[in-house]
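Here is a short report on the structure shown below. Keep the sequence and the 3D view at hand while reading.

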Amino acid sequence: MINRMGMQKAGFVLLGATTLVVVIPILLVIGYIIYEGMEALSWQFIRAAPFDGMKQGGIFPAIVGTLLLTLGTALVAIPIGVGGTVYLAEYARDTWLTRCIRLAIINLAGIPSIVYGLFGLGMFVLFLKMGTSIMAGALTLAIMTLPVIISTAEEALRAVPTEFRTVSASLGGTRWQGIRYIILPQALPGIITGIILGLLRAAGETAPILFTVAAFFLPHLPQSPFDQTMALPYHLYVISTQVPGMPDSIKYGTALVLLALVLSMNIAASIIRSYFRRRRQW
Amino acid sequence: MMSQAETSEKPQFIWTEFVIEASIRVLGFSTIGFVLLIFLFLLLEGVPVFWEVPLKNLFGTRWYPNFGYFGTLPLIFGSAFVTLTAIIIALPLGVLTAVFIREVAPEWLREILKPMVEVLAGIPSVVLGFFGMIVIAPLVRVIFNAPTGLTVFSGALVLAYMSLPTIISVAEDALDAVPKSYRDAALAMGATQWQTIWHVVVPAARSGIAMAVMLGMGRAIGETMAVMMVTGNAARMPLDLGSLFMPARTMTATIAAEMGEVARGGIHYHALFGIGIILFLLTFIINLAAALAIFRKQRRGGLR
């Protein structure tokens, strides 16, 4: 009987220690890359194009490339994702067809990123003859981000109380008017959070853009959606595995810029979520 | 204003709304279309390999595409070995952490831990791969006195952490779905909080926890960049435990590393899409099982 509380204490210590084993490496990775990357970071590094076999200069084309790709992904993924969410949350009844949609979303979320790359190559680059281009890459990334957007946004739409819909209808609003003027504005923070989380994934992915858009080295900026572009994640992969004699500082700097981009999106998403959760009056 | 009031009194057919609702329906079903399209294109580009290369070669133990050997076994074994090792590491870490976050940690600590796990999920795999190459691999080489640090073990370690966010969040949902009455009953019987967690809550959540591990495994099988950068990419059969500290090559890394250099429409190209089919089917089965479990459990109120 004395041992029961001892057991409990030991158990809790074990659980806490395991959690530390999970959490500390996360901090270590981030801290290490920030620490090592800060040295390389300069205005020049961000604003200049690479030269001398990428061993000197900056990563400007890769930064712009990733921003353009993310923008392209957003243009495709937001309408499809939000539309799909509205259908699932507001229109779909619980039929086998709706379950097929849910099954499809769960599967899209589970398909390996490299398989998206193969698909993008087969469909957009070759079959639709877009070539390796921002267009092909953004379309591939957009399909990959859909499940993230839909699952987060659907939660937000479902959290809007049913009364809101009832009241809207009782005032003579059509179903679409209710969605457009009541449900969507109320669920907006959740939808935006979902979009940011999806785009963050798109910005950081390498495998889907390997064969659909990424250029090994391209010192000038892309001129049209049908151009190739450099991109931060692919650039980090290239300089850390494919270029012998690459100075470490450039690798750390690139890793830091990519990490900072993704983490700031992550933080923005959590701030939006918690801010609006606190302000919400229902 | 007058005319607007009139239209709202008597519902009438509005063209714009009809168009909007129709397109929302189409968008709703688009996800099914995307899954089918992905599978279709994998089949189109991958199935030819089955008549271009004899089956005996395809399921052989040698992968040397330049010499006409397309044996996928080393790649399948490589993926399986790395994934299983990763799960063996991640399973206890993930489940115990989920239990800590959900059952033990006070509110303020939970508010810190949950975002941290989300941050881990957000770190790009290429960044983790870079960290693995530059920090973990040299450590593994020194500690285990291996000829190279780019080994199955290093890759599995990185992969384990990459699958943790999935395992933790799904396991947490599973624990969350255990009714409060279970806990109350155990505590009322005089069980300590620890006994309640260990003997009542965790067993009640076991199928949900099993699903968490499955989904984590699905995530690990499909991971590409980090694995490619850290496991060393030697297409050899990992047949004994010593292979843990040798390089291996996974299916995903093979596609990523070789697709850039193959002739489009050639045998090698088809073979890489063939590997894509295997990956697609594997993750499809895992996620199908997860989805069916979710549908079944929803009727019982929550995922357990």
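A:Arg47 is exposed, because just 12 other C-beta atoms lie within 10 Å, and 12 or fewer counts as exposed. The model is a predicted one. A:Arg47 lies in helix α2 of chain A, which covers residues 43-47. Leaving aside residues up to four places away in sequence, A:Arg47 touches A:Gly58 and A:Phe60. A:Gly57 is 10 residues from A:Arg47 along the chain, and the two C-alpha atoms are separated by 8.9 Å.

**Chain A as a whole**

Chain A has 10 helices and 2 strands. Read from the N terminus, the order of elements is α-α-β-β-α-α-α-α-α-α-α-α. The C-alpha trace of chain A spans about 70 × 70 × 35 Å along its principal axes. Chain A holds 282 residues, and buried residues make up 50% of them. Now take the contacts in chain A with a separation of 6 or more. Of these, 76% join residues 24 or more positions apart.

**Where the chains meet**

How many residues of chain B are in contact with chain A? The count is 73 residues of chain B, in contact with 72 residues of chain A. Helix α2 of chain B, residues 15-46, gives the largest share of the chain B side, with 20 residues. By class, the chain B side has 48 nonpolar, 18 polar and 7 charged residues.

B:Trp15 also belongs to helix α2 of chain B. B:Trp15 counts as exposed, with 7 C-beta neighbours inside 10 Å. B:Ala289 is 274 residues from B:Trp15 along the chain, and their C-alpha atoms are separated by 42 Å.

**Domains of chain B**

The domain assignment splits chain B into domain 1 (13-46) and domain 2 (50-299). The C-alpha centres of the two domains of chain B lie 31 Å apart. Their contact takes 5 residues from domain 1 and 6 residues from domain 2. On the domain 1 side, these are 3 nonpolar, 1 polar and 1 charged residues.

**Helix packing in chain B**

Two packed helices are described by the angle between their axes and the distance between the axes. Take helix α5 (residues 73-104) and helix α8 (residues 152-176) of chain B: their axes come within 6 Å and cross at roughly 35°. The crossing of α5(B) past α8(B) is right-handed. The residues of this contact divide into 21 nonpolar, 5 polar and 4 charged.

Helix α10 of chain B runs over residues 193-204, and its buried residues are B:Trp194, B:Thr196, B:Ile197, B:Val201 and B:Val202. Why do the buried residues of α10(B) line one face of the helix? Seen down the axis, they fall within an arc of 140°, so they share one face. The face turned away from the buried side of α10(B) carries exposed residues, B:His199 and B:Pro203.

B:His199 also serves as a reference point for B:Asp184. These two are 15 residues apart in sequence and 13 Å apart in space, C-alpha to C-alpha. B:Asp184 sits in helix α9 of chain B, residues 180-188. B:Asp184 is exposed, with 11 other C-beta atoms within 10 Å.

**Two loop asparagines**

Most residues other than glycine have a negative phi. B:Asn145 has a positive phi of about 50° although it is not a glycine. B:Asn233 is another non-glycine residue with a positive phi, near 60°. B:Asn145 is found in the loop between α7 (125-143) and α8 of chain B. B:Asn233 is in the loop between α12 (225-230) and α13 (251-258) of chain B.

Which of these asparagines is buried, and which is exposed? The table gives the neighbour counts.

| Residue | Other C-beta atoms within 10 Å | Status |
|---|---|---|
| B:Asn145 | 8 atoms within 10 Å | exposed |
| B:Asn233 | 20 atoms within 10 Å | buried |

B:Asn233 is buried because its 20 other C-beta atoms within 10 Å meet the cut-off of 20 or more. B:Asn145 is exposed because its 8 such atoms fall under the limit of 12 or fewer.

Terms used
Residues are numbered from 1 along each chain as its sequence is written. Chains are lettered from A and ligands numbered from 1 in the order in which they are written. This is a predicted model: local features need pLDDT of at least 70, side-chain atom pairs count only at pLDDT 80 or more; totals for chains, interfaces and linings use all residues. Domain bounds come from an automatic or database domain assignment. Two residues are in contact if their C-beta atoms, placed from the backbone, lie within 7 Å. Ala, Val, Leu, Ile, Met, Phe, Trp, Tyr, Cys and Pro count as nonpolar, Asp, Glu, Lys and Arg as charged, and the others, Gly among them, as polar. Helices (H or I, at least four residues) and strands (E, at least two) are DSSP runs, numbered from the N terminus. The arc is that of the directions from the helix axis to the C-beta atoms. Axes are lines fitted to C-alpha atoms, for helices over the stretch in contact, and angles run from 0 to 180 degrees between N-to-C directions. A crossing is left-handed if the near helix is turned anticlockwise from the far one by less than a right angle, and right-handed if clockwise.
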